[in-house]
Amino acid sequence: MLELTLKAMIAFLPVTGLAVVLYQLDSHRLLGTHFLVKMFFTGGLIALLCAFINGFVLEYMQLDFTQYTRYVSPIIEETLKASILIYLFRRNRVGFLIDAGILGFTIGAGFSFVENVYYLHLVSDAHYGTWFVRGFGTAVMHGGATALFAIISQKLTQRHLKMNPLYYLPGLIVAILIHSIFNHFPVSPILSTAVTLLILPTLLFLLFEKNTATIHNFLETDFTTHKRLLRQIESDEFTNCEAGRFLLDLRTRVTGPVAEEMVSYFHLHTELVISAERLLLAREKGIEIRIGDKTIAKIEEMHSMEKHIGKVGLRMLRPHLHFSSTDLWGIHLLEDIAPPPAHRDRLKQAVAAVRF
């Protein structure tokens, strides 16, 4: 029993420990632990799905197992892990590059955890060296490959709202190549493990360190730009920018209150983006800002406008407003940290009772 426990610790602790370290590197703490735990389990579910797919494809294609692990399974496994991140990107649930890396590594860690549980059950009598390779090599490779896919994809997509599958292709190719290269060296597993353990975490740490230094500049620049845009919306200067000219033209082409509602929607959207950026800048200084009733009311009003304008109207409107995926993520952040409706009602009742 002691021997099995030691093997399990070697198999599981390195990648989960590294995931915790990467999370601690994020000084903004933009990803909640509940969300990361959910992504960890999602990665585990992907591992179970891959086990069924790999078994079926291997039997159907009748390939040599070594050739399959080098050229086929990396494509299947990295594509399925990447699909979770693509969904998060398209839902604007990823803010900055460091968040993308942490999410990618967490999904890969969950994948490797379940994979190692399976191998521990299958070959529990394997030598300690096997579990060293699986814990420090294979597991870190899974996390690192998915993290690099996420980082590259975030870099290519953060300024684009329109779905373009080509933006995700470079990161996917990198992840598949890393996975395939690792599987090419079964004759020297200790060497491949050492190289993986040296290169991937070091690369992630360097990228995270650089990104942490640039987040502040990014926020400051966007905060200034959006405040200027808000001033333009509230004055005649708005007609001098592209978004203003588009909305002015829209008023002449679209009849009824929808055109005016689109202008109001843009105004409200800009205010909420500024609120999110103000919150993030305050967090940098160690100040936690509470989401007030006014901001919550604006979020609810924005969603009400979205329903009234409709998907077609929003699809026509958004390309002209030059909001990035990071801006939309900021609004999701406000929604995530705002008190839930039931809790807000209880707070209001408590305040009313105290005042009474």
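Contact here means heavy atoms within 4.5 Å. The model is predicted.

**Exercise 1. Place Ser73 and list its contacts.**
Task: find which helix holds Ser73, decide whether Ser73 is buried or exposed, and name its contacts beyond four places in sequence.

Solution.
- Step 1. Ser73 sits in helix α4, which spans residues 73-90.
- Step 2. The relative accessible area of Ser73 is 6%. The cut-off for buried is under 20%, so Ser73 is buried.
- Step 3. Set aside the neighbours within four places in sequence. Ser73 then contacts Asn54, Tyr68 and Asn183.

**Exercise 2. Describe the packing of α5 on α6.**
Task: state how the axes of α5 and α6 are arranged, and which residue classes make up their contact.

Solution.
- Step 1. Helix α5 covers residues 97-122, and helix α6 covers residues 128-157.
- Step 2. Their axes come within 7 Å and cross at roughly 150°.
- Step 3. Angles over 145 degrees count as roughly antiparallel. Therefore α5 is roughly antiparallel to α6.
- Step 4. The crossing of α5 and α6 is right-handed.
- Step 5. The contact of α5 with α6 has 13 nonpolar, 12 polar and three charged residues.

**Exercise 3. Examine two positive phi values.**
Task: give phi, loop and exposure for Gln62, then for Asn92.

Solution.
- Step 1. Recall the background: most residues other than glycine have a negative phi.
- Step 2. Gln62 has a positive phi, near 50°. Asn92 has a positive phi too, near 55°.
- Step 3. Gln62 lies in the loop between α2 and α3. Asn92 lies in the loop between α4 and α5.
- Step 4. Gln62 has 69% relative accessibility and counts as exposed. Asn92 has 14% and counts as buried.

**Exercise 4. Locate Thr42 relative to Ile84.**
Task: give the helix and burial of Thr42, then its C-alpha separation from Ile84.

Solution.
- Step 1. Thr42 belongs to helix α2, residues 33-61.
- Step 2. The relative accessible area of Thr42 is 19%. Buried means under 20%, so Thr42 is buried.
- Step 3. Thr42 and Ile84 are 42 residues apart along the chain, and their C-alpha atoms are separated by 8.2 Å.

**Exercise 5. Summarise the whole chain.**
Task: report helices and strands, burial, contact range and surface for the protein chain.

Solution.
- Step 1. The chain has 13 helices and zero strands.
- Step 2. Of its 356 residues, 47% are buried.
- Step 3. Take contacts with a separation of 6 or more. Residues 24 or more positions apart account for 82% of them.
- Step 4. The accessible surface is about 18,900 Å², and 65% of that belongs to carbon and sulfur atoms.

Methods: Residues numbered from 1 in each chain as written. Predicted model: local features only at pLDDT ≥ 70, side-chain atom pairs only at ≥ 80, totals over all residues. Heavy atoms only, no water. Buried < 20%, exposed > 50% of the residue type's maximum accessible area, 1.4 Å probe, protein only. Areas by Shrake-Rupley, 256 points an atom, 1.4 Å probe, with all protein chains shown as cover. Axes fitted to C-alpha atoms, helices over the stretch in contact; angles between N-to-C directions. Parallel < 35°, antiparallel > 145°, perpendicular 65-115°, else oblique. Left-handed = near helix turned anticlockwise from the far one by under 90°. Nonpolar A, V, L, I, M, F, W, Y, C, P; charged D, E, K, R; others polar.
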